[in-house]
Every structure is written in structure tokens, then in C-alpha cells.
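Ready for some practice at reading a protein model? Grab a pencil, look at what is shown below, and try each task before you peek at the solution.

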Amino acid sequence: MMIDRRRLMGALPLTVPALLSACKGAAQPAPAARLETPPLKSLSSLPIGCCVQTPHLQDPVFTELLTRHFSQVTPEWQMKMEYILPEGASAADVSTWRWDAPDAIAAFAAMNGMRLHGTTLVWYAEHPPAFEAIDGQSGFEAAYRRYIETVVRRYGAATGWDVVNEPVDEDGSRLREHLWQRNLGQEEHMLIAFETAHAAAPDAVLFINEYFVEKIPAKRLAYMRLIETLLKRGAKIGGVGIQSHLDIDARPGDSKSAIRDLASFGLPVHISEIDIGLSREKPEPRTVDDQLKLQAGLMTEVAEAFLDLPQSQRYAFTAWGLRDKDSWLRNPPNAGDGTDQPLMFDDNGQPKPMFEALAAALRGG
Ligand code: G3I
């Protein structure tokens, strides 16, 4: 009976009894026992999330792996303005908006008993023609409120939303300037977004969400100052998102301190988009195995720091993709050299050391 070494090593020590029985030389072993790794979602009560796109839902390998290990889904891009308000849509006419893909993802989540986390309502990177067309006009705020209310109500099953995404500039020196801030005011456009989302879904957990708060101290500080200001001004912020787009050259301890700092508001925390790129700077030639070990070590740091939070502050732990080949880092426009391996499952859906690291942390959490 041939045992796939990768799967075998990948399974250790999760299914030692199965391994022992499979290796005890049973006279005529049954067909190769599929060395299963227990589902991540069975190892802890913590919601384990993954982002999805509708093409993934047509791939049975993807959906089997997704529903086996994960208990929450986040639409990767099809619940954003760029999808819902395509070219030709009017901000004033909801009948011109596009719903097929986000509806399909919401239906998939419901059919599979998975939580739905919505992303994102307001983002500097999304300024669709429907809103560009009313830039500076008196109806802008009404249209902004209408968009948020309509989307949040349509997906009322969502447990939570990224209401404001990536508000702090790259280096943390200031808050971003963009269509929404220009028309409604810097803090005001965020206050309106949280107010409107809360009115549309009073029970949903409303998040602000940011990246690189681990490696850029100024960005973490600016993010924290913004959250404090918005809370003082009455924003219904119900959670803090830490995207955790990391790479193996991250300084050990930075993720742990970022989680500690951002949990200091006492609100639920969402590790909302974790992936861990292999060396981007390529400082020196390292074997892939060495890099995968570093990747697993960083996953351990993030997972253990998150699991150290009080249960009330552990909203969810979400991977930004299922298999390496599904990653935004492997697809245009961010494809790089197309070789990155930033996720928990390899291109064939086999669990990697990064998966084992999360599983071990969940078991010990
Ligand atoms: O699937 C279509 C394809 O049919 C079409 O030919 C092609 C060209 O128009 O577009 C493809 O869709 C693209 C989609 O990714 C799937 O690859 C969209 O244009 C593109 O905008 C979309 O990019 C997403 C991006 O956010 C913008 O929404 C990425 O998938 C997604 O991973 C990325 O996620 C962001 C988070 O929301 C916020 N944090 C950073 C993170 C990574 O950038």
C-alpha cells in the first residue's frame, strides 16, 4: 500500500493511530486509507474563515476542502462596489446593480451552514463610475447611504462587515484621501458608513480593517488613533480587523504585539485576510522547505497570539485564499513571478506546514 509521503508527513502527528494501524502490516490492508487531517473547524469553537469567488464554487476539489475545514466565508471581491456597481450602473437606480455573484456566495454559505462575513462597504480603492458620476453633487451622501443600506440589508445573514477598509495611508503618516473623504469628510464619511450599516443590521459586527499594522509602527499607531477618535465620536465600531498579509521576512514578535495593541480596545478582533508570502525580498537563496518552515513559524505566532485573546474577542481567523494557486498573489495583477506559496494548502489541496501550525495552535488554544 503506497502512502503518499507528503500526505503522511502532512498528517503527522494528527492521525498516529491511523498511521500505526496502516503500517502494522495488516495482512491485506483495505484500500489506502485516506490519511485525513481532522477539519480545522473541529479543533476549536473559533470560526475559521476563507475568502471565495464564484468560480471556486464550481470546483468540487475547492468546495470539498472549503466546507471540510472552514466555518465562515468572505467574498474575495464580488461583494464590493467594483462588482455590484459595474460600468453603466447608476447609484440612484438599484435595478442597475449586479447581485448574481454575491447572492451565490451568500447562498453557498447558507446551504453549508457557514457564517458569511461581508467585505467591503467603503474602500479608497473602490470608486466606481456610478459614484464618480455624482462626485461633488448634492445627492452624493444620499447615494452613499443608499448603497450601504441596500447591500447590508440584502445580506442580512452576514455575521459581520468590513465597513471601512484600509483608511490609513501606506506609511501611516496620514489618513487616505479619496472620493468618499472628498465628498463627505475624512472622519464623517466613516461615521456615516458605520451609522448606516448599524441601522441596516443592528446585530452585525461592524469592522474597521487594515493591513501592515505589524511591520509599520506608524501605521498601527495611526490606525489605533483613528479607532479611538471614531469610538469617541459614537461610531458603532464592533470589531477591529487585522488583515495579516505577511511574509516570511516579518520580524518575529511584530504580529504578536500588533494583535495585543489592537485588542486593547476590548473589541472582537478579526484576523481577516491572513496569507504569508515566501521571501519577496529574496535576501539569500533559501530552500522552499526552509521558507515553508519560516511560514509555519509565523502562522504559529499569529494563531497563538490570537488564541491568547479572551474568547469574546476572537471573532474569526480568516485565510485569504484556500490553495496557493487561488491566492491573489498568484493571479494578475499581483502575480509576481507566479511561484509564491502563501496559503495553507498547496496547489493540489494538500495541507502544508502552515496548516499544521494552525491546527496545532487551535488544538492547544
Ligand atoms: O475574475 C475576473 C476576470 O473574469 C476578468 O477577466 C478580470 C479582468 O477584469 O477580472 C477578474 O476579477 C478580478 C478578481 O480580483 C479575480 O481575480 C477583479 O478584476 C479584481 O479587481 C479582483 O481583485 C481583488 C482585489 O481585492 C480588489 O477587489 C482580489 O481578488 C482580492 O484578493 C483583493 O483583496 C484585497 C482585500 O479586499 C483588501 N486587502 C488587500 C487584499 C489584496 O489586495
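**Exercise 1: Around the ligand**

Task: Find which side chain has an N or O atom 2.9 Å from a nitrogen atom of the ligand.

Solution. Start at that nitrogen atom: the partner, at 2.9 Å, is an N or O atom in the side chain of Gln243. That's a polar contact (a pair of N or O atoms within 3.5 Å; within protein, one must be able to donate a hydrogen and the other to accept it, and residues adjacent in sequence count only if both atoms are side-chain atoms). Next, try the ligand's oxygen atoms: one sits 2.6 Å from a polar side-chain atom of Glu76, and an oxygen atom is also 3.0 Å from a side-chain N or O atom of Trp320. Now zoom out: 14 residues surround the ligand, and the closest are Glu76, Lys80, Glu82, Glu166 and Glu273. Here, a residue counts as near if one of its heavy atoms lies within 4 Å.

A quick note on the numbers: this is a predicted model, where local features need pLDDT of at least 70 and side-chain atom pairs count only at pLDDT 80 or more, while totals for chains, interfaces and linings use all residues. Residues are numbered from 1 along each chain as its sequence is written, and side-chain values use heavy atoms, leaving out hydrogens and water.

**Exercise 2: Unusual backbone spots**

Task: Work out which residues a cis peptide bond with omega of about -20° joins, and where Glu166 is found.

Solution. First, a reminder: most residues other than glycine have a negative phi, and most peptide bonds are trans. The cis bond with omega about -20° joins Thr119 and Thr120. Thr120 is in the loop between strand 3 (115-118) and strand 4 (122-123). Another cis bond, with omega about 0°, links Pro332 and Pro333. Finally, Glu166 isn't a glycine, yet has a positive phi of about 55°; look for Glu166 in the loop between strand 5 (160-165) and helix 8 (179-184). Helices (H or I, at least four residues) and strands (E, at least two) are DSSP runs, numbered from the N terminus.

**Exercise 3: Two helices**

Task: Decide how the axes of helix 12 and helix 13 cross.

Solution. Take helix 12 (residues 288-307) and helix 13 (residues 353-364): their axes come within 8 Å and cross at roughly 25°. Axes are lines fitted to C-alpha atoms, for helices over the stretch in contact, with angles from 0 to 180 degrees between N-to-C directions. Therefore helix 12 and helix 13 are roughly parallel (angles under 35 degrees count as that, over 145 as roughly antiparallel, 65 to 115 as roughly perpendicular and the rest as oblique).
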